[in-house]
Amino acid sequence: MAMLSALTFFSSYTFQVNTSMFKTKSTKNHQPKTLPKSSLTDKYTPQSIDVDVSNARKNQLLTRNLVSHVNSGDIESALYLFERMPKSDTFVWNVLIRGLTDNGFFREAVDLYYRMCFSGVRADNFTFPFVIKACGELCDLREGEKVHAKVYKAGLNFDLYVCNALICMYAKLGYIDCAERVFLGMESRDLVSWNSMISAYAIVGDGWSSLLCIKKMQSVGIEHDKFTLISSLKACSLLCSLLIGKEIHGQVIKSTFRLDVVVQTSLIDMYGKCCHVQYAYNLFNRIPERGIITWNAMIGCYALNLRPLESFSCFRNMQKSGVVHPDKITLINLLPSCAQVGALLPGKSIHGFAIRKEFLPHLVLETTLIDMYGKLQELRLAEQVFDQMNVKNMISWNAIIAAYVQNGQSRQALKLFSNLVYKHCKPDASTISSILPAYSDIASLTEGKQIHGYIIQNEFSANNYISNSIIYMYARCGDLLSAQQIFDRMYNKDVISWNTIIMAYGIHGFGKESLELFCRMRENNIEPNASTFVSVLSSCSIAGLDEEGWKHFHLMKREYGIDPQIEHYGSMLDLLGRKGDLDKAKEFIHEMPLAPTARIWGSLLAASRHHRNIELAEVAANHILSLAHDNTGCYIVLSNMYAEVGRWEDVERIKDLMSEQGMAKTIGFSDIEVNYKTIRFVNHDRFHLETDRIYDVLSILLRQIGEELFVSLQKFRPVDLIRTRLNSPKCHSVRLAISYGLISISIGKPIVIKKNIRICRDCHDAAKKISDITNREIVVGDSKIYHHIKDGHCSCKDYW
DNA sequence: GTAGGGTTAG
């Protein structure tokens with residue numbers, strides 16, 4: 001309801017031109033602005049100039065006028081006046097530079113400072129703080145450093161005000177070392193110097209240093225003020241430390257700032273970031289006059305804590321209050337809620353509203369839009385926003401890369417990533433975390449090793465999140481040993497590291513090893529979470545460890561109080577399906593407390609396929625078709641089942657259905673890596689340089705395992721025979737890859753093959769027999785799991 | 001006539 005109201009609001013909003021752009025009252029935190037050239041030439045008739053008074057008196061009057069214009073935020077008039085005044089006085093320049101900086105005209109402020117220098121007027125201790133602030137707001141380090149050099153030249157490097165401004169500028173630019181150097185080099189420090197340094201640490205995300213700095217300040221006998229409290233609350237948010245946050249809240253209550261709306265908003269923000277929505281709301285509720293920032297903080301708190309509906313209803317209440325109007329930050333805070341509830345329409349309406357209100361271009365807003373569209377599977381829209389941006393930073397690049405990865409466009413994401421690395425700038429830890437799942441997805445060991453090398457070279461290896469992703473990537477690329485090595489070398493293994501390594505062994509069919517790791521995890525006093533049990537239960541189901549699976553399923557609730565989620569039920573259903581009691585499996589779905597998803601019906605479909613129960617497969621498929629986005633796999637399974645029993649009319653029907661929906665059968669392939677090169681085979685492939693040898697090997701192998709490459713199937717009519725041949729698995733890509741592996745990979749090493757779709761039953765059987773007669777280990781990674789095939793047996797125990 | 005403050009994307 002709230003969301004719908006929000007939608008109505010955004011859609012019905014009519015655009016109004018803001019005519020007072022250059023007549024705004026002096027406010028802080030402006031976006032950089034640009035003055036129109038006309039502002040210097042516009043007609044302006046100063047009313048209060050008396051032509052009869054002396055020059056000195058006239059200048060005094062003009063100056064007073066200038067100051068009053070600046071103070072009222074009328075920069076346009078101030079500029080007009082300035083151009084008609086003698087400019088020998090530093091004071092006049094200072095007033096105007098301050099006016100420009102305070103009103104968000106940062107570039108103009110810096111430009112005016114240079115004009116001042118060229119005019120031969122000396123910048124003084126009043127000039128520099130504003131110019132330095134403007135450099136910080138422009139995020140222009142080079143300009144900032146140039147001005148800093150001028151500060152030295154002017155002998156003002158010990159000036160208290162100048163130094164305080166420098167600390168803030170360097171912090172804003174992210175150069176905390178430079179800020180520290182200025183702070184430590186100061187001859188004397190006041191409360192503002194300390195507050196600036198405390199806030200500097202908070203700005204760069206170093207909560208501990210910020211809190212330590214407060215301690216140091218107190219130890220030298222300086223009392224805190226409300227700015228100190230605000231920064232310390234930010235530090236708590238960074239550290240997610242509710243304990244210290246509450247302590248500071250206590251101090252606030254005892255202080256004179258307890259009713260200060262800024263302090264209150266900081267408290268709301270802190271509680272929100274520490275995941276205490278109720279505390280945040282209680283505070284919010286008690287504030288009588290809420291400004292836009294307070295509303296934004298509360299909306300942001302809901303969005304951050306994954307409460308999208310409350311975030312929308314908070315927005316609705318803000319509208320009802322009628323006092324405040326949404327700004328850019330309101331939209332930035334509201335957009336993640338659209339993604340969270342899968343609400344594309346409200347998301348688009350907000351986008352439209354932002355355009356009508358001329359909020360765009362805006363770096364953060366655009367990046368949030370990319371993020372939302374990516375999560376709502378609207379990759380085209382995400383791309384559109386990204387392409388239209390005129391300023392991009394690392395975060396916007398990361399957002400678009402993540403959008404590609406989330407939407408299964410791994411190759412596209414990798415292309416963008418290399419584009420970023422080679423042409424633009426150095427990726428950060430977030431870029432690496434975003435891109436690693438794409439490497440896991442393409443599962444190419446050679447490329448995986450390359451990105452791992454890059455990560456080591458650029459010192460990202462210490463990041464737990466990244467290390468965990470590398471473990472998973474190696475496991476997905478089929479290199480379990482490397483996955484284990486990375487895991488072993490990690491200093492601070494967290495619960496995700498353990499979950500990942502358990503899953504790594506799981507997808508390779510080593511269920512017992514997964515369970516051993518689970519025991520070791522508990523010995524190391526790592527508390528398992530819901531994801532741990534996803535790893536454990538799927539490991540059991542992949543390896544067919546029936547008893548252990550059920551044991552852990554019950555353990556999860558009984559010992560750890562974790563309610564099973566759909567993924568857990570899915571694994572248990574796989575175990576039931578494997579046993580073949582399909583009625584029990586159906587009953588299990590029926591009794592589940594959660595609504596069955598496509599994943600659940602997929603599990604039943606797999607069981608029906610395995611036990612050749614077409615009727616049940618049709619039931620499962622119908623459910624999947626009504627739920628899932630991409631139904632290709634489901635259609636293919638059904639079609640193959642019909643083909644197996646010769647129901648060609650049904651095969652044709654499925655084919656028609658698929659083409660009606662614009663679906664194409666995914667072209668299956670098998671990749672094999674030889675000498676750091678990936679060789680790809682498709683079914684009936686004849687493009688390889690060594691095609692003749694490969695087919696010779698295949699022919700010998702097939703004869704040995706009791707199949708013939710070309711055989712007439714008497715039981716089918718001729719038309720069916722052609723169909724059967726076309727569907728024949730004898731020249732499937734995986735068999736061609738195995739044949740090639742046998743002649744190109746040295747004896748003793750396993751033949752590792754990676755497929756993009758699931759392996760078919762015939763090829764699975766053939767691979768087992770080939771492994772037996774050739775005495776080679778064959779590892780086939782399909783789209784879900786790895787089959788370790790040795791001496792005629794597979795780790796999946798013939799169920800997948 | 002000078003400095004420091006609350007809400008902002010991956």
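# How we know what we say about this DNA-bound model

Q: Which residues come nearest to DNA strand B?
A: In this predicted model, 41 residues lie around DNA strand B, and Phe130, Val192, Val262, Asn398 and Asp428 come nearest. Looking from the other side, sugar and phosphate make up 37% of the DNA strand B atoms that come within 4 Å of the protein.

Q: What makes aspartate 428 a polar contact of DNA strand B?
A: An N or O atom in the side chain of aspartate 428 sits 2.3 Å from a base nitrogen of DNA strand B. The cut-off for such a pair is 3.5 Å, so this one counts.

Q: How do you know which part of DNA strand B threonine 368 reaches?
A: Check the partner atom: a polar side-chain atom of threonine 368 is 3.2 Å from a sugar or linking oxygen of the strand. For aspartate 371 the partner is a phosphate oxygen of DNA strand B, at 3.5 Å.

Q: Which helix gives the largest share of the surface near DNA strand B?
A: That's helix H14, residues 261-273, with six residues. By class, the surface near DNA strand B has 16 nonpolar, 16 polar and nine charged residues.

Q: Why is the pair of lysine 586 and aspartate 583 called a salt bridge?
A: The N to O distance between their side chains is 3.9 Å. The limit is 4 Å between a Lys or Arg nitrogen and an Asp or Glu carboxyl oxygen, so the pair qualifies. Side chains of opposite charge can pair when their charged atoms come close. Both residues belong to helix H33 (residues 582-591), three residues apart, or about one turn of the helix. Over the whole structure, the search turns up 25 salt bridges.

Q: How many salt bridges are there between domain 1 and domain 2?
A: Zero. Those domains are 426-660 and 669-794 of chain A. What does turn up across their interface is seven residue pairs in polar contact.

Q: How do you know that domain 1 and domain 2 touch, and how much area do they bury?
A: Counting heavy atoms within 4.5 Å, 19 residues of domain 1 are in contact with 14 residues of domain 2. About 1500 Å² is buried between them, and carbon and sulfur atoms give 47% of that area. On the domain 1 side, Thr446, Arg476 and Trp648 supply 37% of the buried area, more than any other three residues.

Q: What makes the peptide bond from leucine 360 to proline 361 cis?
A: Its omega angle is near 0°. Most peptide bonds are trans, so this one is worth a look in the viewer. You'll find proline 361 in the loop between helix H19 (344-356) and helix H20 (363-375).

Q: What is the sign of phi in cysteine 240 and in tyrosine 676?
A: Positive in cysteine 240, near 50°, and positive in tyrosine 676, about 60°. Most residues other than glycine have a negative phi. Cysteine 240 belongs to the loop between helix H12 (226-239) and helix H13 (242-254), while tyrosine 676 is in the loop between strand S1 (669-674) and strand S2 (677-682).

Methods. Residues are numbered from 1 along each chain as its sequence is written. Chains are lettered from A and ligands numbered from 1 in the order in which they are written. This is a predicted model: local features need pLDDT of at least 70, side-chain atom pairs count only at pLDDT 80 or more; totals for chains, interfaces and linings use all residues. Side-chain values use heavy atoms; hydrogens and water are left out. Domain bounds come from an automatic or database domain assignment. Buried area is the accessible area (1.4 Å probe) that two parts lose on being put together, summed over both. A polar contact is a pair of N or O atoms within 3.5 Å; within protein, one must be able to donate a hydrogen and the other to accept it, and residues adjacent in sequence count only if both atoms are side-chain atoms. A residue is near a molecule or strand if one of its heavy atoms lies within 4 Å of it. Helices (H or I, at least four residues) and strands (E, at least two) are DSSP runs, numbered from the N terminus. Ala, Val, Leu, Ile, Met, Phe, Trp, Tyr, Cys and Pro count as nonpolar, Asp, Glu, Lys and Arg as charged, and the others, Gly among them, as polar.
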